[in-house]
Each structure stands twice: as structure tokens, then as C-alpha cells.
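Please walk me through this model in the viewer, stop by stop. At each stop, say what to select and what is found there.

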Amino acid sequence: MPELAEVELARRLWEPAVGDTITAVDCHPKTRVFRDCPAATLRKLLPGTQLIATRAHGKRLLFTFSSATEHFLHLELHLGMAGRLYTAPPDHLAEKHDHFLLRTPNHTFAYNDYRQFGGVKLHREADPWAALPPQVLDRKFSLAYLTALLDRRPRVALKALLLDQSAFPGVGNWMADEICWRLNAHPSTPVGRLDPADLRKSSQFVCRGAIRHVADKNFALSSTRTEAFAPGSYVHLVPPPSWLFQHRWKPGGSCPRCNKSLARATIAGRTTAWCPICQTIHGNSGT
Ligand SMILES: [Zn+2]
């Protein structure tokens, strides 16, 4: 499932559309991605509008349009399990799993999703995201904010809290494992035993690094290898071998810090990898 860095990469791939007028909208009408918003509504409202802003929050994307008929018009995309955005020439023919194409005079902006767990919604209020929680890299994600969040649920397992999109928006399975590993904390550690300052520092490091290694570097690559960004290929560059990321699913994968074999189990409903030497349950000596 795309996590915050892949979502940010997707946002940047559609960013060249800002300032463009939408000349046509092509939708695959039978796809499930339109379950919350009929394709006919998009085809009626979007042509003639101008894209004026793009935003990413956690695993969601928001595209804001100026319209002659609507006070406010936003298109929200959720990439689901396998959704991808890409940019193609204006005469691009829809690929098999392209469900939604925005045409402008110079480009086609495509939304591709072969599993169709993603979705599209239209919003007509001023700021549909006004009530969303702060993201890890936002100024509002302060030490006081995080301390209060941990105090409310001290017994919840670290991995479960990291996967909670109302607490750590955009953090998914691999980023949660990476944060636990950098904290030297077992994923089952009750969060009340953690130092909020350490958790904030590790989560900021991982979110910042994920943006740099996944969004920044792949976006730079997209400008030189546009063919690499066709549907089915997307993230080519990943975090370096000094991160847990590259070792967590390898058969016999070992900890990049101590070189001991990684452990795996289902924690908080997700397959989890950790180092049994480096990551202990805080407060339980010897475990
Ligand atoms: Zn280790």
C-alpha cells in the first residue's frame, strides 16, 4: 500500500498540471474507484476548470480546481493498495487499468489502479481537510502534542499506534517497522514506556528520509526516464542498505546494525520484522 512518500511522489507527478485548464476527462465507468463519485459527475464538472493546487496528507491526495460554476471544487484521490499517478503526452491512449484521465492541452494526467481499492471523491467545501490530524513533519506535531497522544493510550503497542492513521498519517507497515528499529524498541512495546521525544525524533527521521529517498530521488529520475513511469513501474529507488527496509523481507535478512537474523511475526494485524537483539520491550529487562 502506498505510504506517505509514494503519495508525495504521486502528487509531484501531477504537479505540472497546476495552471492548466482541463480540456476533457476520460473515465472507465465500470471501475470500483468511482463507488463514491459517479464518473458522469466528474465528466460534467471538471472540463473547463483550472487546476490551482495539489496537496498530500498521509495516504490521500487533494487536487483543487477553480470553476466558473462551483465556489469550491476539490478532487480527492486515495491510492488504495496499488494506485499510481503518472503523466503522459496529450494523445495518450488509456492503458488497461487507467481508470481516470485528466486531459490538458499539453499532458494527460493518469490514475492507474489494477486492484481498484483506491477511490475518487469530490468535495465542494472550502477546506475538506480542515479536521485532519497533523502529520509527523508538520509544526503541529509537537512534543506536547505527541506526549498527550501517548498519555491517552499508554498501553497500546507501538506498532499499532504507528499504523493508526489518526495518529501517524501516512505511516504504513515498512515505515512503522523502520521507526521501531531506529528506536531500539520491540514493536509490541506499550507506548507509555517510551520517551515521547525519542519517538518524535525517530518518526521524523524516517518520514523525512522516506520523502528524500522515495519522493525526491524517484521524482528526479522521472524527469530523465519518463518511460520508467508507465503503469506497472513506479518506485525504482528505495532507502539505502543502512535502513531496515532493504533487509526486512529478504530470506535470511539480518539487522543492518548488529547483523543478527531478523525476527518476524504478526503484530497489530500486520507482518512485522524486527531485530531480537537491538529491539527490546522497553521497561522489561531481559526480554
Ligand atoms: Zn540488531
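Which residue follows H5, and what is the sign of its phi? Select Asn184: this residue comes after H5, and its phi is positive, near 60°. Bear in mind throughout that this is a predicted model.

**Whole chain**

Now show the whole protein. Six helices and 10 strands are present. Along the principal axes, the C-alpha atoms fill a box of roughly 65 × 40 × 30 Å. The radius of gyration is 21 Å, which agrees with the value near 19 Å that a compact globule of 287 residues would have. Colour by burial next: buried residues account for 39% of the 287 residues. If contacts are drawn between residues at least 6 apart in sequence, 66% of them join residues at least 24 apart.

**Helix H5**

Select residues 173–182, which form helix H5. Of its 10 residues, nine are buried, so the helix is mostly covered. The buried set consists of Trp174, Met175, Ala176, Asp177, Glu178, Ile179, Cys180, Trp181 and Arg182. To see what covers them, add H4, H6 and strand S10 (270–274), against which the buried residues of H5 pack.

**H5 against H6**

Keep H5 and display helix H6, residues 196–222. The two helices pack at an angle of about 135°, with their axes 9 Å apart. H5 and H6 are therefore oblique to each other. Their crossing is right-handed. Show side chains at the contact: on the H5 side pick Met175, Glu178, Ile179 and Arg182, which meet Ser202, Ser203, Phe205, Val206 and Ala210 in H6. By class, the residues of this contact are five nonpolar, two polar and two charged.

**H3 against H6**

Hide H5, leave H6 on, and select helix H3, residues 143–152. H3 and H6 pack at an angle of about 115°, and their axes lie 9 Å apart. This pair is therefore roughly perpendicular, since angles of 65 to 115 degrees count as such. H3 passes H6 in a right-handed crossing. The residues to label in H3 are Leu143, Leu146, Thr147 and Leu150; they meet Pro196, Ala197, Leu199 and Arg200 in H6. This contact of H3 with H6 comprises six nonpolar, one polar and one charged residues.

**Leu161 in H4**

Move to helix H4, residues 158–163, and pick Leu161 within it. Is Leu161 buried or exposed? Leu161 counts as buried because 22 C-beta neighbours lie inside 10 Å, where 20 or more are needed. Setting aside neighbours within four places in sequence, Leu161 is in contact with Arg153, Val156, Ala167 and Val191. For a distance across the model, draw a line from the C-alpha atom of Leu161 to that of Pro47: the two are separated by 42 Å and lie 114 residues apart along the chain.

**Ile52 in S2**

The last stop is strand S2, residues 50–57, where Ile52 is found. With 14 C-beta neighbours inside 10 Å, Ile52 counts as partly exposed. Which residues touch Ile52, leaving aside its neighbours within four places in sequence? Select Val18, Thr64, Phe65 and Ser66: Ile52 is in contact with these. Finally, join the C-alpha atoms of Ile52 and Ala126, which are 74 residues apart along the chain and separated by 14 Å.

Conventions
Residues numbered from 1 in each chain as written. Predicted model: local features only at pLDDT ≥ 70, side-chain atom pairs only at ≥ 80, totals over all residues. Helix = DSSP H or I, 4+ residues; strand = E, 2+ residues; numbered from the N terminus. Buried ≥ 20, exposed ≤ 12 C-beta atoms within 10 Å, placed from the backbone. Contact = placed C-beta atoms within 7 Å. Axes fitted to C-alpha atoms, helices over the stretch in contact; angles between N-to-C directions. Parallel < 35°, antiparallel > 145°, perpendicular 65-115°, else oblique. Left-handed = near helix turned anticlockwise from the far one by under 90°. Nonpolar A, V, L, I, M, F, W, Y, C, P; charged D, E, K, R; others polar. Rg over C-alpha atoms; globule rule 2.2 N^0.38 Å.
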